[in-house]
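Biologist: I'm new to this structure and would like a close look at one part of it. Could you take me through the surroundings of the ligand, and then show me how a few other parts are put together?

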Amino acid sequence: MASPNPPFCGQIVEAGAGGARPEDLTMTLLIYGDRVSGNCLKVKWTADHLGIPYRWLQTEVREGASRTPEFLALHPAGQVPVVVLEDGRALAQSNAIILHLGEGSALIPTDAYQRARMLEWMFWEQNSHEPYIAVARRLRFVEGRPAEAVDPGLMTRGYAALARLEQGLASSPFLAGEAVSLADVALVAYTRVAHEGGFDLNAYPAVKAWVARVEAALGI
Ligand SMILES: N[C@@H](CCC(=O)N[C@@H](CS)C(=O)NCC(=O)O)C(=O)O
């Protein structure tokens, strides 16, 4: 996905730390994202937390902006987030992107086991949390469908994910130990808006307290 001259297929609406002028597009991290998407916000929060300058190109998924020929040339899967790095190379998948941005930072534990634990949660998020909690939230909040239109199986599996998180947070303040890490960034994205998908977090006090802790640590 190399892209020496990234297509300008989004609207620049925001500059991260340090900012950049539009003419500097090839020298600044570009984030193609949709603000309604937790997967995209993971990337924004990581860049903001680490003080990485970027331009955010608002890519309205519901208006088909991720399916234009220009966008598909950038990322054939037609999904956001996608970033174009300062050297023109593109990268997709939210958790791969934040792993790249977070390289060498305090968001990644230096201890090999703790780092692997962080990754364990991030893989789990994509497999067992996002497909239920984010999808229910998209149907209810983004598409405005009634609760009856949501497959009860999504809710059951979403609640199972919340129960797993509750259990995981029983012995440490953050998912990979004592400090906030990329695992928390990845998991908080859709957990903090789970209520928009019809999930009630009141039975998950450790999760609720953790959401507040991560929000404070990231300043979101
Ligand atoms: N596993 C991917 C999921 C990407 C994804 O599903 N993006 C959604 C927005 S959250 C999207 O672009 N959907 C538009 C489409 O699939 O057409 C990631 O973590 O980045």
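Modeller: Let's start with glutamine 93, which sits in the loop between strand S5 (90–92) and helix H3 (94–102). Keep in mind that this is a predicted model. Glutamine 93 isn't a glycine, yet its phi is positive, at about 70°. Is glutamine 93 buried or exposed? Somewhere in between: it has 16 C-beta neighbours inside 10 Å, and being buried would take 20 or more, so glutamine 93 counts as partly exposed.

Gln93 is also one of the residues around the ligand, and Ser94 and Asn95 are there too. Another stretch of that shell is Gly78, Gln79, Val80 and Pro81. Have a look at the peptide bond from valine 80 to proline 81: it is cis, with omega near 5°. Proline 81 belongs to the loop between helix H2 (69–74) and strand S4 (82–84). The rest of the ligand's surroundings are Ser37, Asn39, Val61, Ser66 and Gln126. What kinds of residues make up this shell? Nine are polar, three are nonpolar and none is charged.

Asn39 takes us to the next stop, as helix H1 covers residues 38–50. Strand S2 (residues 29–33) runs parallel to S3, and the two pair over five bridges. Within that pairing, isoleucine 31 stands opposite tryptophan 56 of S3. To get from S2 to S3 the chain passes through H1, making a right-handed β-α-β crossover. S3 itself (residues 54–58) is mostly covered, with four of its five residues buried.

Now for a helix with two sides to it, H7 (residues 205–218). At 1.5 Å a residue, its 14 residues should span 20 Å, and the C-alpha atoms at its ends are indeed 20 Å apart. Which residues of H7 are buried? They are Val207, Trp210, Val211 and Val214. Looking down the axis of H7, you'd find these buried residues within an arc of 105°, so they line one face of the helix. Over on the other side, Pro205, Ala209, Ala212 and Ala216 are exposed.

One last stop is alanine 189, in helix H6 (residues 182–191). There are 26 other C-beta atoms within 10 Å of alanine 189, so this residue is buried. Alanine 134 is 55 residues from alanine 189 in sequence, while their C-alpha atoms are 9.0 Å apart in space.

Technical notes:
Residues are numbered from 1 along each chain as its sequence is written. This is a predicted model: local features need pLDDT of at least 70, side-chain atom pairs count only at pLDDT 80 or more; totals for chains, interfaces and linings use all residues. A residue is buried if 20 or more other C-beta atoms lie within 10 Å of its own, exposed if 12 or fewer, and partly exposed in between; C-beta atoms are placed from the backbone. Two strands pair if DSSP finds at least two bridges between them. A crossover is right-handed if, with the strands pointing away from the viewer, the path from the first strand over the helix to the second runs clockwise. A residue is near a molecule or strand if its C-beta atom, placed from the backbone, lies within 6 Å of it. Ala, Val, Leu, Ile, Met, Phe, Trp, Tyr, Cys and Pro count as nonpolar, Asp, Glu, Lys and Arg as charged, and the others, Gly among them, as polar. The expected span of a helix is 1.5 Å times one less than its number of residues. The arc is that of the directions from the helix axis to the C-beta atoms.
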